[in-house]
Amino acid sequence: MIHIKIFLRVVILCCLLVLISNCGSYNTKSTFFQAKVQQGDMQGALEAIDKNKFLGKSRNQLLYLLEKGKLAYLSGDYTLSNELFNKADEFIESNKRAVGNQILGVLLNPQKETYKGEDFEKVAIHYYKALNYMFLSKYDEAIVEAKRISLQLQKINEKYPEGKKNRYTDDAFAHTLQGLLYEASGDINNAFIAYRNSVDLYLKNEGTYIGVSIPNQLSQDLLRTADIMGFTDELERYQKLLNITYSPSKKSNGGEAIFFWENGLAPYKDQTYYTFTILPGNQVGFLTIINEELSLNLPLPIPTGGNSNSDLDIFNVAFPKYVSRTSVYNNAKVIADSISYPFELTQNYEEIAFKTLKDRTLREIGKLALRLGTKKISEYIVKKQNSDIGAILGLFNALSEGADTRNWQSLPSKIFYSRIPLKKGENNLNIQLNQDQETSTSQTILLEGTGSIQFQNINTPEVSNVTY
């Protein structure tokens, strides 16, 4: 009896330790560096990343590289940013996993596993590497990274069975980015092909793809490059498909500025619960796990002791969910020589995040059921030997149950772009960021018109529905 009491005390202590260790999502554990980002203190945010104990754990190495790589990008240190993203890319390619962490993830909580990144996060690495190279005027390297976006998506989806692939199978913005980079390097033919690939992806999806409608600028760029190359048939065909008439505009002698505006922050992960019912079997030992929402009906070989009433059970299993963050700014424009050029949406990471997580949820029912079954098997076996200890183990299983709430939180919610003609010499560009019809913020950027294409970035990570 003494040994049992000691054992119960140890188990209760373990329950309390698990409860403490599971307190707080990754979002709550990253509030300090996120607050620095909101304040525009990127150097302070970089220092906070290095001091974050959660990100310092080996199982969170990829997350550390992603967050720090993005913050280096925001601070304008494009070389450091690419060094970090290259390491993240290598980490993913090596498919590093810790066996001990995997076991803990199955038995206790998936947040104990090595973080391998969401599918779209693996793709976003190449977008930022492309931008870093672009701002370093290394266009050939930038084009390679932009191409890797589509290749990475293809590689990811090939490993999933038919009927369980991601809806995010290609990236229209990646093709658009390729087109812009080809144009900047003087390759109009390949620019046309890239723009056409992007437009075709939109048209294939009735004009809207993953929360983005076909940008007018993209349509104009496709028609313009077709005209420059003398592709008359293609020019006429796409004018009909897009229902627009192309009118050549006078080429600006100062070149052009292409602005990318990254607005808000991607949604963060919290957790939700799915309710499961266990229907008891007979002495031979099969329990049936049922969840109507997930269309799950799974028999598991668990000894029930032949008691068909006492083993009836209803319990919850945790799974991650995304929570949106409201951006402070909702639209923007560039004013040059009294002419207004609106920013157009070209990438919607919020929509991509929600859709890819839903696809993953449907694919990972089996893994979820394995964790569930492992816990329940241990609970039933122990309960058969000692009901008190079985009850304590049930409590431990309940307390240790949790979802993996890690995700790349410094990604933007949405990306917009605008293309502005420049005059030769100095250009005074006014960027107007609008919160609503009455509230706006503006900033002035001076650019020298050189006759070539220049790339600029604007970042407004501020969100309004969180406090730090």
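Two strands count as paired here if DSSP finds at least two bridges between them, and with that criterion in hand the tour of this predicted model can begin at a strand pair.

**Stop one: the sheet.** Select β10 (344–348) together with strand β11 (residues 414–421), and you will find that the two pair in the antiparallel sense over four bridges. To look at one bridge in particular, pick L345, whose partner in β11 is F416. Widening the selection brings in an open sheet of four strands, with mixed pairing and the order β10-β11-β3-β14. Its edge strands are β10 and β14 (453–460), each of which pairs on one side only, and neighbouring strands of the sheet are turned by 25° against each other on average, with direction ignored.

**Stop two: the helix across the sheet.** Add helix α14 (residues 349–363), which lies across β10 and β11 and runs at about 30° to β10. The structure holds 17 aromatic pairs, and one of them can be inspected from here: the rings of Y322 and F354 have their centres 5.8 Å apart and their planes at 65°, so the pair is edge-to-face. Because Y322 lies in strand β7 (residues 313–323) and F354 in helix α14, this pair ties together parts that are 32 residues apart in sequence. The accessibility of the two rings' residues is worth colouring as well, since Y322 is buried with a relative accessible area of 6%, whereas F354, at 33% relative accessibility, counts as partly exposed.

**Stop three: the cores.** Next, display the largest nonpolar core, which has 84 residues and in which Y127, M134, L177, L181, F260 and F455 have the most contacts. Its largest share, eleven residues, comes from helix α8 (residues 119–135). Centre the view on M134 and, leaving aside residues up to four places away in sequence, you will see that M134 touches Y139, A142, L177, L181, F260 and F455. Apart from the largest core lies another, of 18 residues, and among them are A332, A336, Y341 and F416; the last of these, F416, is the bridge partner of L345 visited at the sheet.

**Stop four: Y73 and the aromatic cluster.** Move to helix α5 (residues 61–74), where Y73 has its place. Is Y73 buried or exposed? With a relative accessible area of 1%, Y73 is buried. Not counting residues up to four places away in sequence, Y73 touches Y78, S81, Y128, L131, N132, F135, E262, N457 and N459. A distance label is also useful here, as the C-alpha atoms of Y73 and M42, 31 residues apart along the chain, are separated by 9.5 Å. Then select Y73, Y78, F85, Y127, Y128, F135, Y139, F173, F260, W408 and F455 together, since these residues form one aromatic cluster.

**Stop five: a helix with two sides.** Finish at helix α13 (residues 232–242), whose buried residues are E234, L235, Y238, Q239 and L242. These residues cover an arc of only 135° around the axis, which puts them on the same side of α13. Turn the helix and, on the other side, D233 and K240 are exposed. What covers the buried residues of α13 includes α11 (188–204) and α12 (216–229), so both helices should be shown when you examine that side. The residue that follows α13 is N243, whose phi is positive, near 55°.

Notes:
Residues are numbered from 1 along each chain as its sequence is written. This is a predicted model: local features need pLDDT of at least 70, side-chain atom pairs count only at pLDDT 80 or more; totals for chains, interfaces and linings use all residues. Side-chain values use heavy atoms; hydrogens and water are left out. A nonpolar core is a set of buried Ala, Val, Leu, Ile, Met, Phe, Trp, Tyr and Cys residues joined through side-chain atoms within 4.5 Å. Buried means under 20% relative accessible area, exposed over 50%, partly exposed in between (1.4 Å probe, protein chains only). Contact means heavy atoms within 4.5 Å. The arc is that of the directions from the helix axis to the C-beta atoms. Axes are lines fitted to C-alpha atoms, for helices over the stretch in contact, and angles run from 0 to 180 degrees between N-to-C directions. Rings of Phe, Tyr and Trp (its six-membered ring) pair if their centres lie within 6.5 Å; planes under 30 degrees apart count as stacked, over 60 as edge-to-face and the rest as tilted.
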